[in-house]
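Student: I'd like to zoom in on one spot in this model and then see what surrounds it. Here's the structure I mean.

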Amino acid sequence: EALLSLINDILDISKLEAGKVELEAIDFNLVEIVEAAVALLAPTARDKGIDLRVSIAPQAQSVYRGDPVRLRQILLNLVGNAIKCTARGAVSINVAARPANRRGLVRTRFEIADTGIGMSPAASAALFEKFHQADTSITRRFGGTGLGLAISKQLVEMMGGRIGVRSK
């Protein structure tokens, strides 16, 4: 499974760099996508004794037009990393709708919060770079290649969004 995940990440980053990723534009239920991603990660959180919380604002509980597969991939990367780096406590996923822009498009904000180890400002600044890990001890403790967040950043930007991190 780990090898397959690595191969898929390498293929995704290669396709993104080559400009060969095309986003779908289909209708999907946002609640179903979030719940499906959480359902995949819930056993890992439960095994670690971590409380996994989901809050989707009523205004965000709607049908959207976009790429549900890529949105799920982003959520799996973000929530999976939060669970991986949290030894105890909780990981929460909060989804809120933003007011429509001038073109009438509703923007959605996804916020993933955890009670994990935190990061230095330098590590936070480089978090979404390819193959970046906060330090080598993080790689040894938690695993990973440093590709998932770089992929997520590129996908979010292709969707017209922004991605960032705050740590304390």
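Student: Could we take a close look at D67: is it buried or exposed, and how far away is the nearest side chain of opposite charge?

Tutor: Sure, bearing in mind that this is a predicted model. D67 is buried, yet has no salt bridge. The nearest side chain of opposite charge belongs to R70, at 4.7 Å, and the salt-bridge cut-off is 4 Å. What D67 does have is a polar atom of its side chain 3.2 Å from the backbone nitrogen of V69. As for where we are, D67 sits in the loop between β3 (63–66) and α3. Skipping neighbours within four places in sequence, D67 is in contact with E22, L23, E24, F28 and M159.

Now follow the chain on into α3 (68–84), one of the elements that supply at least two residues each to the largest nonpolar core, along with α2 (30–48), β2 (51–56) and β4 (90–97). That core has 22 residues, and L30, V34, L52 and I83 have the most contacts inside it. The largest share, 8 residues, comes from α2. Take V34: beyond residues up to four places away in sequence, V34 touches V54, I56, L75, I93, V95 and F110. There's also a second, separate core of 7 residues, including L16, I74, L147 and I151.

The strands tie in here too. β2 and β4 pair in the parallel sense over 6 bridges, with D51 opposite A90 in β4. β4 also runs antiparallel to β5 (residues 108–114), joined by 7 bridges, and there N94 stands opposite E111.

How values were computed. Residues numbered from 1 in each chain as written. Predicted model: local features only at pLDDT ≥ 70, side-chain atom pairs only at ≥ 80, totals over all residues. Heavy atoms only, no water. Core = buried A, V, L, I, M, F, W, Y, C linked by side-chain atoms within 4.5 Å. Buried < 20%, exposed > 50% of the residue type's maximum accessible area, 1.4 Å probe, protein only. Helix = DSSP H or I, 4+ residues; strand = E, 2+ residues; numbered from the N terminus. Contact = heavy atoms within 4.5 Å. Lys, Arg positive; Asp, Glu negative; His and termini not counted. Polar contact = N/O pair within 3.5 Å; in protein donor to acceptor, adjacent residues only side chain to side chain. Pairing = 2+ DSSP bridges.
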